[in-house]
Amino acid sequence: MKKMKFPTSHKTQLMDISKEVSEEVIKSGVKDGICVVFTPHTTGSIFMFENQDPALRRDLLNALSRVAPSDVEYQHTGTNAAAHLKSSRMGNSVTIPVVNAKLMIGKWQGVFFGEFDGPRQEREVYIKVIAG
């Protein structure tokens, strides 16, 4: 299993980590199986999303801000309830088929890390490739 560590630079942001995940599939030596990508953070997410149009990423962040606005009062004792709610909507892992040592994702798909409570010095993502 590979642990990626990286900083984030904004309060909310989407980071395409497809390249790093694909590289780990190749390094694993697994030709056919599955790849699981997971984050242990409750204010960050892992999900599949369209990877070509950066404007769509802003649209997603704006939509999530309407679903869980940060400027309303929540019962959570901290100040980051909106980040927890956004993360729970997006999920914390994806499982992707691997065929011929390649992720079986669509032409317009990518694997993304969503930051909802940044910036942070260190975020973690775990990548596990399993032969099948």
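Which side chain meets lysine 11 in a salt bridge? The partner is aspartate 117, with N and O 3.2 Å apart. Please keep in mind that this is a predicted model; the legends below start with an overview and then turn to the close-ups.

**Figure 1. The whole protein, with 3 helices and 8 strands.** Following the chain from its start, you will meet the elements in the pattern β-β-α-β-β-α-α-β-β-β-β. The radius of gyration is 15 Å, close to the 14 Å that the globule rule gives for 132 residues, so the protein is as compact as a globular protein of that length. Its C-alpha atoms fill a box of roughly 50 × 30 × 25 Å along the principal axes. Of the 132 residues, 40% count as buried. The accessible surface comes to about 7,600 Å², and carbon and sulfur atoms supply 52% of that surface. Among contacts with a separation of 6 or more, 83% join residues 24 or more positions apart.

**Figure 2. Lysine 11 and aspartate 117 in their salt bridge.** Here the two side chains meet at 3.2 Å, N to O. Lysine 11 sits in the loop between β1 and β2 (13–16), whereas aspartate 117 sits in the loop between β7 and β8, so the pair ties together parts that are 106 residues apart in sequence. The two ends are covered to different degrees: lysine 11 is partly exposed at 48% relative accessibility, while aspartate 117 is buried at 10%. Look for Arg120 in this view too, as Lys11, Asp117 and Arg120 are linked in a network of salt bridges.

**Figure 3. Lysine 5 and glutamate 122, another salt bridge.** The closest N and O atoms of this pair are 3.8 Å apart. Lysine 5 belongs to strand β1 (residues 2–6) and glutamate 122 to the loop between β7 (109–115) and β8 (123–131), so this pair ties together parts that are 117 residues apart in sequence. Lysine 5 is partly exposed, with a relative accessible area of 47%. Glutamate 122 is also partly exposed, at 42%.

**Figure 4. Arginine 123 and glutamate 115, a salt bridge between buried residues.** In this close-up, the closest N and O atoms are 2.7 Å apart. How much of each residue is accessible? Arginine 123 has a relative accessible area of 2%, and glutamate 115 has 0%. Both values fall under the 20% limit, so both residues count as buried. If you would like to look for others, a search of the whole structure finds 6 salt bridges. For the charges as a whole, the mean positions of the 17 positive and 14 negative ones are 4 Å apart.

**Figure 5. Lysine 107 and the residues it touches.** Lysine 107 is found in the loop between β6 (102–103) and β7. Is this lysine buried or exposed? Lysine 107 counts as exposed, at 68% relative accessibility. Leaving aside residues up to four places away in sequence, lysine 107 touches Asn51 and Gln52. Lysine 107 and asparagine 51 are 56 residues apart along the chain, and their C-alpha atoms are separated by 8.7 Å.

Key. Residues numbered from 1 in each chain as written. Predicted model: local features only at pLDDT ≥ 70, side-chain atom pairs only at ≥ 80, totals over all residues. Heavy atoms only, no water. Salt bridge = Lys/Arg side-chain N within 4 Å of Asp/Glu carboxyl O. Helix = DSSP H or I, 4+ residues; strand = E, 2+ residues; numbered from the N terminus. Buried < 20%, exposed > 50% of the residue type's maximum accessible area, 1.4 Å probe, protein only. Rg over C-alpha atoms; globule rule 2.2 N^0.38 Å. Contact = heavy atoms within 4.5 Å. Areas by Shrake-Rupley, 256 points an atom, 1.4 Å probe, with all protein chains shown as cover. Lys, Arg positive; Asp, Glu negative; His and termini not counted. Charge placed at Lys NZ, Arg CZ, Asp CG, Glu CD.
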